[in-house]
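Work through the exercises below with the structure open. Each task is followed by a solution in steps.

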Amino acid sequence: MKYFLNLFAFFTCTLVFGQVSEDIIPRDAVSVFSINNVSLLKKVSMDDLVKYEFMAEVQSELFNGSTNDKTIKDLGLDFNQKLNAFFGQNEQYELSGFTFGINDKKQLFTVFDDFDKIENTQLEGVEFYRSYSNYLIIRGTSGIVIRVDPNIDQVAAIADSIWLARGLGYFWDNQSIEEDYDDEDSYYSEAEDAVEAVDSTYEIAIGADEEEIIEEDSIEGDLDSNDLLSKNYWEMRDSITFSLQEVYLRKITLEIFKDNIHLKNQDVKFATQLQRPSDGVFYLDNSRNLHNSKGLWGFKAMFPELFDDFKNIYSGNVLLGDINLNEHSIDIDFVANYGKELGSIYQKLNSTKFDKNVLKYIHKDNTGFFTYNIDLNEGYKKAFDIVIPILKDEKDPRISSNVLVAELINEFVNTEEIFKTYKGSMFGTFNGYKKVKTKRIEFLYDEETFDYEEKEVESEEDMPIFTIGFSTSRPDIPEKVLKHFGRMTSRFKNNGNYWEIEDAFLNSISAYIINKNGLFMVTNDEDLAKNHSNGYGAKAISGKVAKKAKDSKFVYGYFDWSGALEKLPREMFTSKQNKILDAMKGKTGVLELTSSKTTISNTKFKLTYDFDGSFDNSGKYLLDLVNSIYVLTK
Amino acid sequence: MKILFYALILMTLSSCIEIVDDLSINNDGSGTAKYTINLSSSKIKANSYLALDSLNGKKVPSISDIEKKIEEYKKKLENKEGISNVVFETNFTDFIFKFQCDFESVQNLQKAVKEIVASENKNLVDDEYVWLSWKDDEFSRSLPALSNDLTAKMKSDEVELLKNGSFISITRFDRPIEKQSNANAKISANRLAVMIRTNPYLLTQNTEILKNTIYLSPIKKQVKN
């Protein structure tokens, strides 16, 4: 019998300890990006990977210089397991981190050497390590690096409460708030001092070194019992933060490592998504984002039943995606899932035809454009039918009066005409940069005395050229508004085919308004307004791309990255940045976003990045691109 | 710290910044300091930055923030010993900013600048550092130590943006200049002013570039008959 019990215990341990990296993602994670290491590493060598500048930064930030002369290969990671990055938030805390597989723990700690072991965690087979606010937790062959940050409002509330209970009044009443925020240096240096003080205290507390604990005990014995009360406000607040971090981390780790509760076994959609044979997957639970949204916590506290009703509308609103790296493209397929009620609103909203007129105003050589097709009138009606009945049940006088106002507006205001004026469908184009004429002030010096005077001279500056427009079947309405402004100010000029508003953009250049062909457009493209107010004609976009835009039901986006590179004003970049831009030439491509027809349960999107040029494989190409963007923006 | 940040923003956003540093010294050592920053050739870029909430992780000040800060400095300067007639002019249409004040002595001017900078960040001020000195017929000037600190904090990419700008330093006197020590400087035709024309980039590379000792012709003493 004992033999069988031992055997059972062995298998149980093997099952639990056999958890892989995705089995230790906290259930509070709202978004997860999961990389299938095997498929990525088949295509990208680690030696190449660590040469990238962005990787060097990641390594130094995470491991504080401990990676000198090492590579990620030296991390001791098990590349047969997935690498999962996660982020989550609830009313108590925010959490972020990543989980991974381990095949050589000794090697792992040659790099994670800033982490100190925490003893006596009371979780058998689980090892805890800590470096400042980051924790590394290992069980078997998988590990998690996690950081938990308590909700700052909750910390402040506790700190204020203790401060008040000490008889010190309301902390902020005794402070000059303006001074505190104005003088950032003293504010932060005080906070930094407090953090350092707490860190050193904490290090002693968790040092798990007997000698040090004894030492600390003897120090405590010498202190006045009131000494803890002498902490200043910020020190006390940091202590509360650290205490709460421990409480929440304990809760999360007990769930994962004791109760075996984690995201994968709590959300079947996530579990299913992890099974996809793609190079990477992502998961974003929007319904919990709504639940956890800080801006709505007050609303939730005041109207819990109403909040629950709205939560139900958003239930099932989960975004799931696959990333695939191919030889000449990167494909990202994602599905926005909806619950029945939200789905029915989106379905109505997206039940409109593509407005072909927009194609006339997209030049065939444009760098990028998007089209967006919605029927606001239908969406409004459906949302009204779903939302108002929920609100009507609420007895709160403010909500009740708001419902009344909404119903009266709906009865008295001609919403049909409003949504004829602004139907909802719109488009935008980007045509690179052009030199635009501006004026500048120059100082002219008299050589006799070096006295100087100001003179206004013509100048040129680079300006991104764009057009934004929306469909309208009531062009007379915006025309009325424009005429009104035309009477009020000389800056609004009616030039027949278009309106010009002087110095409208950045106080320097004109905006042009074209109100024709069922479209209301705003642009800073003087050429479009003056010469093509009825569209580009034969120079307008046509063929395959135009067809794709027409066929994409909800949204279509196109961006020619190589075209954008050609049009970028080089003088705006430094020589280093220009070198990177040159290096990217020849291996750039086209980014395209398409969407399916919205059903009651989902909308499908596909983002494709096609490229040509010289590269070893698409994984390396992706990293080249990421690195270029990183260097350009850092 | 904010004074540094505002200065940094002004300098880095403007590939064509023009700065005029105009100092007039009277025979008794009093004088007028004028400082002009001209960003009009980059006003689209300046407006673009002002439209942003943050830049490089730092909050971008709004126009009202800048005006409030300028008013604050004005009040601080007005209360400094030996400083009077403080005038700040802001032109947010063309992005031209002018500052002017009178001082009783160059020591008063330096002390006032140091105290104001120290009120923002004590670490930026070296109490011993002197960048303006006036004695009899000799006037020396260089770059305030603050500028050295400022440039040391700038990234190489940001420094590169300053290459297209211009920095003009003018020093004026009531009597003729006999000679001066800076090879890059030029004396006006009427010999009452010295100008050094450089650019902010060169200033960051060589903070000695403005260093100059100017020798004036002695004041003629009236002979009593």
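## Exercise 1: a covered strand in chain A

Ser131(A) has Asn134(A) as its bridge partner in β6(A). The model is a predicted one.

Task: Find which strands pair with β5(A), and in which sense.

Solution.
Step 1. On one side, strand β4 (residues 116-118) of chain A is joined to β5(A) by three bridges, and the two run antiparallel. Within β5(A), Phe128(A) is the bridge partner of Ile118(A).
Step 2. β5(A) also pairs with strand β6 (residues 134-139) of chain A, in the antiparallel sense and over six bridges.
Step 3. The hairpin of β5(A) and β6(A) has two residues between the strands, and there Tyr132(A) takes a positive phi near 55 degrees.

Task: State how many residues of β5(A) are buried, and how they are divided between its faces.

Solution.
Step 1. Strand β5 (residues 126-131) of chain A has six of its six residues buried.
Step 2. Val126(A), Phe128(A) and Arg130(A) lie on one side, and Glu127(A), Tyr129(A) and Ser131(A) on the other. Both faces are covered.
Step 3. For the chain as a whole, 44% of the 634 residues of chain A count as buried.

## Exercise 2: two helices in contact

Task: Describe how α16(A) and α18(A) are placed against each other.

Solution.
Step 1. Two packed helices are described by the angle between their axes and the distance between the axes.
Step 2. The axes of helix α16 (residues 340-349) and helix α18 (residues 376-392), both of chain A, come within 7 Å and cross at roughly 160 degrees.
Step 3. Angles over 145 degrees count as roughly antiparallel, so α16(A) is roughly antiparallel to α18(A).
Step 4. The crossing of α16(A) and α18(A) is right-handed.
Step 5. On α16(A) the contact is made by Glu341(A), Ser344(A), Ile345(A), Lys348(A) and Leu349(A). On α18(A) it is made by Leu376(A), Glu378(A), Gly379(A), Lys382(A), Ala383(A) and Ile386(A).
Step 6. Sorted by class, this contact has five nonpolar, two polar and four charged residues.

## Exercise 3: two sheets in chain B

Task: Give the strand order and the edge strands of the seven-stranded sheet of chain B.

Solution.
Step 1. The order is β5-β6-β2-β1-β9-β12-β11 (chain B), in an open sheet with mixed pairing.
Step 2. β5 (83-91) and β11 (185-187) of chain B are the edge strands, each pairing on one side only.
Step 3. From one strand to the next, the twist averages 10 degrees.
Step 4. Helix α3 (residues 63-78) of chain B packs on this sheet and touches β5 and β6 of chain B. The direction of α3 makes about 170 degrees with that of β5(B).
Step 5. β5(B) pairs with strand β6 (residues 96-103) of chain B in the antiparallel sense over seven bridges. Phe97(B), in β6(B), is the bridge partner of Thr90(B).

Task: Do the same for the four-stranded sheet of chain B.

Solution.
Step 1. The order is β7-β8-β13-β10 (chain B), again an open sheet, and here the pairing is antiparallel.
Step 2. β7 (132-135) and β10 (177-180) of chain B each have a single partner strand, so one side of each is left without a neighbour in the sheet.
Step 3. Neighbouring strands are turned by 15 degrees against each other on average, direction ignored.
Step 4. Three bridges pair β10(B) with strand β13 (residues 212-216) of chain B in the antiparallel sense. Leu216(B), in β13(B), is the bridge partner of Ile177(B).
Step 5. Helix α4 (residues 106-120) of chain B lies across β7 and β8 (138-141) of chain B, at about 165 degrees to β7(B).

## Exercise 4: positive phi values

Task: For Phe450(A) and Asn85(B), say where each lies and whether each is buried or exposed.

Solution.
Step 1. Most residues other than glycine have a negative phi.
Step 2. Phe450(A) is not a glycine, yet has a positive phi of about 65 degrees. Phe450(A) lies in the loop between β12 (426-445) and β13 (452-471) of chain A. With 0% relative accessibility, Phe450(A) counts as buried.
Step 3. Asn85(B) has a positive phi near 50 degrees and lies in strand β5 of chain B. Asn85(B) is exposed, with a relative accessible area of 52%.

Notes:
Residues numbered from 1 in each chain as written. Chains lettered and ligands numbered in written order. Predicted model: local features only at pLDDT ≥ 70, side-chain atom pairs only at ≥ 80, totals over all residues. Heavy atoms only, no water. Axes fitted to C-alpha atoms, helices over the stretch in contact; angles between N-to-C directions. Parallel < 35°, antiparallel > 145°, perpendicular 65-115°, else oblique. Left-handed = near helix turned anticlockwise from the far one by under 90°. Contact = heavy atoms within 4.5 Å. Nonpolar A, V, L, I, M, F, W, Y, C, P; charged D, E, K, R; others polar. Pairing = 2+ DSSP bridges. Buried < 20%, exposed > 50% of the residue type's maximum accessible area, 1.4 Å probe, protein only.
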